[in-house]
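Q: I have this one open on my screen and would like to talk through a few parts of the fold. Could you start with the term we will need for the first helix I ask about?

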Amino acid sequence: MTLSLYDTMSRSKRPFVPKDPDRVTMYVCGPTVYNFAHIGNFRPVVVFDLLFRVLRHHYGEDAVLYAANVTDVDDKINAKAAAEGVPIREVTERYLTAYNEDAAALGALAPTFQPRATETMDAIVAMIGDLVRNNAAYAAEGHVLFATAAFTDYGKLSGRPLEDLIAGARVDVAPYKQDPRDFVLWKPSKPGEPEWPSPWGPGRPGWHIECTAMIAESLGLPIDIHGGGIDLVFPHHENELAQGVCAGHGREYAAVWMHNGFLNMAEEKMSKSLGNVALARDLIGEYPGEAIRWALLAGHYRQPLEWTGELIGGAKAALDRIYGVLDDANRFLGGEPLTPASGEVEADVAAALADDLNTPEAMAALFKLADGVRAAIMAKDKPAVARLGGRLLQAGQLMGFLAAAPQAWFQGGNDDLKAKVEALLTERATARAAKDWAEADRIRAELTALNIEVLDGPAGATWRMKGAA
Ligand SMILES: [Zn+2]
C-alpha cells in the first residue's frame with residue numbers, strides 16, 4: 001500500500017517515498033515548557049503520533065526515527081522562574097514532565113528523540129558559524145542575523161509575496177538589520193537571563209536556529225517529514241528551511257512538510273497567548289485519554305477542528321459503542337478474551353490512513369468492523385467473532401485506541417464507585433444464595449440507580465456502566 005501525504009511546499013498530495021526505507025526520519029516542533037499545555041498543543045502531538053504509528057506499521061518499528069523537540073530557552077520560561085524565585089531548570093523540568101504525562105495519557109508513544117535547546121547549544125553555535133562563513137549571516141551589535149537575501153527561495157514554503165514577508169517580519173525593526181526580513185540567530189542575554197559563550201559574545205540563540213540544529217544533531221539533514229501546526233509555516237519553518245540550506249545541508253531540507261489545522265475553541269484561535277482555560281490535564285481528569293484522542297482525530301488533520309462539548313461527548317460515545325461490542329464478544333466467547341490479529345491491518349482502515357491520514361474514514365471503517373463482530377455474535381458464530389474481533393482490536397490499536405480491557409473501560413477509573421458496586425454485588429449474591437429475592441431485587445434497583453448494568457453469567461455476576469452498546 002502506498003502512503004500519500006499532503007506536502008505544504010508543493011501544495012499537493014504525493015506518494016511518500018523515504019530516502020531510506022530502513023531509516024525513515026520525522027521531526028515535529030514541540031512545546032515551549034513554561035506552563036501546563038492547552039489541549040490545542042496536543043493536536044499535533046496526536047496527529048503526528050498517529051503518523052509515527054502508521055510509518056512503523058509500514059516500515060517496521062525500528063526503521064522510523066521520530067524527533068520532537070523541546071524549547072527550553074524562552075522569555076516566558078525566564079519570567080516564570082523569576083516570578084517563582086526558582087532556577088529555570090526547575091520550571092522546564094516540571095512542565096516537561098507534565099507535558100510528557102499528558103501526551104502519554106492521550107496515547108502518544110514516546111518519540112525516539114526529545115532534543116532540548118539547552119543540550120544542543122554547541123551545535124547551534126557551530127551552525128551559526130557555518131552560516132556566517134557561507135555569507136548567509138552577519139554579526140551586528142552583539143547580534144547575529146540571518147541574511148535573508150542569501151536564500152533566493154525565501155518565501156517559497158509559505159508562498160508569500162515579498163511585500164508580505166517584509167510586512168510580516170517581526171516588527172522589531174532594529175537599525176542593525178540589513179533587510180527587514182532578516183531574523184535573529186544569536187542575541188545578547190539581558191541581565192539575569194541564561195547565557196552561553198559564542199564567538200560573537202555571550203548570549204542565547206533565536207528560536208528558529210534551535211530547531212534546525214536539533215534536526216541536524218538528532219536525525220541529520222535532510223529529513224523525510226517535517227511537521228507542526230499551520231501557524232509555524234511562517235516565519236518558523238520558512239526560516240528553518242533557509243538556515244538548513246544555507247548552512248550547507250543541500251537544497252532539500254525536508255522532503256515533505258506537513259501542517260495540522262488549528263483547534264478552535266469558542267471560535268478563537270487556540271494559542272498559548274490567549275489563556276483559554278482548556279488544559280489537557282483538566283480534560284484528562286474528566287474524560288478517558290482515548291476519548292480525547294478520538295475527538296482530536298475526529299476531523300481531518302489539515303482542517304480546523306471546533307473543540308466543543310458535543311465533539312468530546314460524541315468521541316466518548318463512539319468508543320463506548322466499540323468497547324461494548326468487544327465486551328459482548330468476550331462474554332460470548334467465554335474465558336478466552338479477544339487478542340489483536342497480526343499481519344496486514346484491515347484493508348479499509350489501512351487505505352484510509354494511507355490516504356493522508358484520513359481519520360474520519362478510518363473511524364467509519366472501525367465501526368463497520370464492529371458491526372461485523374456484532375452480527376457474528378447474533379449469528380452465534382464463534383470463529384467469526386474471534387477473527388473479526390481480533391481485526392477490530394488490531395486496527396483500533398494501530399490508531400492508538402482500544403488499549404483498555406473492555407471491562408475496565410466501562411468500569412472507569414472511579415475506584416470509589418468500583419468498591420461500592422463490588423460490595424453491592426457481594427450482598428446481592430448473598431441474598432440470592434439465601435433465596436431472599438426481595439432483597440436481591442432491591443440491591444439490583446440500587447445498582448440501576450448508579451447507572452450500573454448487572455450481567456449474570458455462569459461464573460457469577462459482572463457489571464458495566466450503562467451506555468455500552
Ligand atoms: Zn521548530
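A: Gladly: a residue counts as buried when its relative accessible area is under 20%. Please keep in mind that this is a predicted model.

Q: Okay, so which residues of helix α11 are buried?
A: In helix α11, which covers residues 347-354, the buried residues are Val-349, Ala-350, Ala-352, Leu-353 and Ala-354.

Q: And what do the buried residues of α11 pack against?
A: They pack against β1 (4-7) and against three helices, namely α1, α12 (359-378) and α13 (382-398). Just after α11 comes Asp-356, which takes a positive phi of about 55 degrees.

Q: Switching to the sheet: what is the strand order in the open sheet of 4 strands?
A: The order is β4-β3-β9-β10, and the pairing is parallel. The edge strands, each pairing on one side only, are β4 (64-68) and β10. On average, and with direction ignored, neighbouring strands of this sheet are turned by 20 degrees against each other.

Q: What packs on the sheet?
A: Helix α1 (residues 42-59) does, touching β3 (24-28), β4, β9 and β10, and the direction of α1 makes about 175 degrees with that of β3.

Q: Back to the edge strand β10, is it mostly covered or mostly open?
A: Strand β10 (residues 254-260) is mostly covered, with 7 of its 7 residues buried.

Q: How many bridges join β9 to β10?
A: There are 6 bridges between strand β9 (residues 223-229) and β10, and the two strands run parallel. Between these strands the chain passes through helix α7 (residues 233-246), and this β-α-β crossover is right-handed. As for individual positions, Gly-227 stands opposite Met-258 in β10, while Gly-228 stands opposite His-259 in that strand.

Q: Where does α7 lie?
A: Helix α7 lies across β9 and β10, and runs at about 160 degrees to β9.

Q: What about α6 and α7, at what angle do their axes cross?
A: The axes of helix α6 (residues 207-218) and α7 come within 9 Å and cross at roughly 55 degrees. The two helices are therefore oblique to each other, and their crossing is right-handed.

Q: Which residues make that contact?
A: From α6 the contact is made by Trp-207, His-208, Ile-209, Cys-211, Thr-212 and Ile-215, and from α7 by Pro-235, His-236, Asn-239, Glu-240, Gln-243 and Gly-244.

Note on methods
Residues numbered from 1 in each chain as written. Predicted model: local features only at pLDDT ≥ 70, side-chain atom pairs only at ≥ 80, totals over all residues. Heavy atoms only, no water. Buried < 20%, exposed > 50% of the residue type's maximum accessible area, 1.4 Å probe, protein only. Pairing = 2+ DSSP bridges. Right-handed = clockwise from strand over helix to strand, strands pointing away. Axes fitted to C-alpha atoms, helices over the stretch in contact; angles between N-to-C directions. Parallel < 35°, antiparallel > 145°, perpendicular 65-115°, else oblique. Left-handed = near helix turned anticlockwise from the far one by under 90°. Contact = heavy atoms within 4.5 Å.
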